[in-house]
Protein chains: 2
Amino acid sequence: MVRSSSGNARFDVVGIGNAIVDVLARTEDAALEDLGLAKGSMTLIEASAAEALYRHMGPGIECSGGSAANTIAGLASLGGKAAFIGKVKSDQLGRVFRHDIVSLGVHFTTPPAASGPSTARCLVFVTPDAQRTLQTYLGASVALGPEDIDEAVVAAAQVTYLEGYLYDPPRAKEAFRKACDIAHRRGRKVALSLSDPFCVTRHRSAFRELVAGEIDILFANEHEITALYESADFDAALQAVRGQCEIACLTRSDKGSVIVAGDEVHVIDPAPVAQVVDTTGAGDLYAAGFLYGRTHGHGLAASGRLASLCAAEVIGHLGARPETPLAALARAAGLA
Amino acid sequence: MVRSSSGNARFDVVGIGNAIVDVLARTEDAALEDLGLAKGSMTLIEASAAEALYRHMGPGIECSGGSAANTIAGLASLGGKAAFIGKVKSDQLGRVFRHDIVSLGVHFTTPPAASGPSTARCLVFVTPDAQRTLQTYLGASVALGPEDIDEAVVAAAQVTYLEGYLYDPPRAKEAFRKACDIAHRRGRKVALSLSDPFCVTRHRSAFRELVAGEIDILFANEHEITALYESADFDAALQAVRGQCEIACLTRSDKGSVIVAGDEVHVIDPAPVAQVVDTTGAGDLYAAGFLYGRTHGHGLAASGRLASLCAAEVIGHLGARPETPLAALARAAGLA
């Protein structure tokens, strides 16, 4: 439990990440191939490429997204006390992003950019197998810098949760480092999501150092953790990460997850889902459930089961934010 | 069949309506009461009220909407040739609206407003019983005027489909009248959706005259048709509308629909739905299926069954536009 760091904590978790509005559309596999997109990946694209791709995309729905922001929305939906730091522009989609997270009771005061690129958008192509392929235009979110890291907020959170994607824009990386430093100075925990295997490849050595030296709780899926340690298989990666950080949560899609904490290892089954519609946000919501559990006195296994429950909710519909209040689901499952 | 009017038709249907982006959020009944909203209704609100209400709304998803626009999207999703006339602003949500309809292959060339109010938004509160309560800020859509009615497009469509909501903004009503005149002059059919019982009450005598004098195909739900004729019950309303126009399609939610055409009466069962999530767009998609059927040589009953199938798809998820290509569903059901 994150007991050691819970003194005087106004927030359970502060999330720091790219503030993105998702545009989701169902797509056939053939169309994905025609567009030359690598299924299952996240690719960063420029404004002009985003415009061109959007023209070739089918009708969509818009839904607030962003990896860490999804986690924070999930945590708030569970009833947790949460804050978010990330950059939108003062445009319509920026106001949508702000509304969606603030209406959950999340503390979000990062000033929007008044000029420059528009609010970040992620084009999400959802194939019939419920896989998602992400094309991200970072827009205003690259304007996030160390000046946006509110020391008082980070100091007041039991856990500072960072997404690996922050290592892509240079000033966001500085913001990441600053938040890390503040959290540790105040005796708080730092959690990291590895975000994406390609993101891991882009920043492998930096991420390895981070995990070994500064991260208390790591979230990674099978592809990310094997990419991080260039492991032959999942088990080899599991052995590689063991002991590198206090807790590693390794997710494996429909095989559930494995939680490693020193000598403790817990194998967590996935929660049942009537129909998997869209896997966007599965990892983000897993992290929400786990962090809620850990900041509310639950053990590793119970936190893992809550994590699976939250992931199951979000893959049952289009979009990476919960549609059903997670607190009610958790109560119904006896996991609150 | 609409055979008499199908000569040289470039379009099956042109829809004319308010161009709206929906903001959908799940809401408890108690919250609806706290906000003083009348469940199941559509209310027009000003910009300031929309802002205030949005602040009290939970996190949402954005999805292109607008009654006639939803019908046109459904028709295109069935593989029909469709056009739309409606007004957005040249802002982010306006571009979302345009993208969503154009990406379906719909002809949509109404110039966006360069200044003035922003693109129209409809706040949709979806309660656990799948009912929806609509609060509409008409924004840029009130700028639609007769100058936006492209005579060539209306002349080239077998059916001109109009939403009753157009009678609310004065210049949109002029646009409605102009389109009606063009269609009749060119020997085309005119269809009308009564939109909403309150809309009917606002314009009762005008709508009665329209139905008796100018409308070939009428779409109305039980509440709208009883409001139109101030009837005591559904059967009385059915007798009142019989003979007023060529075809009247009267929808009754989970009781299915009744199609009246002179001496012919067809009672159509609803199509099965695994779970009713959100009834937004049910009537709009019913109209899409029926009009596709009628413009593709189907009889009244077969068109009604296709209408029910389309309505069933859209109430199975959040949002008023189909998520699954309707042409595939129609083929699978033997109704293409």
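How many residues does the contact take from chain A, and how many from chain B? In this predicted model, select both sides of the contact, and you will have 23 residues from chain A together with 23 residues from chain B.

Keep the side of chain A that touches chain B and colour it by element: strand E4 (61–64) and helix H4 (92–102) of chain A are the elements that give two or more residues to it, and H4(A) gives the most, with five residues. Coloured by residue class instead, this side of chain A divides into 10 nonpolar, seven polar and six charged residues.

Next, select E4(A) together with strand E4 of chain B, residues 61–64, where three bridges join the two strands and the run is antiparallel. Within this pairing, Ile61(A) has Cys63(B) as its bridge partner.

Stay here and consider the symmetry. A turn of 180° with a shift of 0.0 Å along the axis lays chain A on chain B with an RMSD of 0.0 Å, which is the relation of a two-fold axis. To find the axis in the viewer, go to Glu62(A), whose C-alpha, at 2.4 Å, comes closest to it among the residues of chain A. Because 100% of the interface residues of chain A are also interface residues in chain B, the copies meet through the same surface.

Finally, turn to the largest nonpolar core, which has 231 residues, and pick out Ile72(A), Leu218(A), Ile72(B) and Leu218(B), the members that touch the most others. Around Leu218(B), once its neighbours within four places in sequence are left aside, select Leu192(B), Val211(B), Val241(B), Cys245(B), Ala248(B) and Cys249(B), with which Leu218(B) is in contact.

Conventions:
Residues numbered from 1 in each chain as written. Chains lettered and ligands numbered in written order. Predicted model: local features only at pLDDT ≥ 70, side-chain atom pairs only at ≥ 80, totals over all residues. Core = buried A, V, L, I, M, F, W, Y, C linked by C-beta atoms within 7 Å. Buried ≥ 20, exposed ≤ 12 C-beta atoms within 10 Å, placed from the backbone. Contact = placed C-beta atoms within 7 Å. Helix = DSSP H or I, 4+ residues; strand = E, 2+ residues; numbered from the N terminus. Nonpolar A, V, L, I, M, F, W, Y, C, P; charged D, E, K, R; others polar. Pairing = 2+ DSSP bridges. Least-squares fit on C-alpha atoms with pLDDT ≥ 70 in both.
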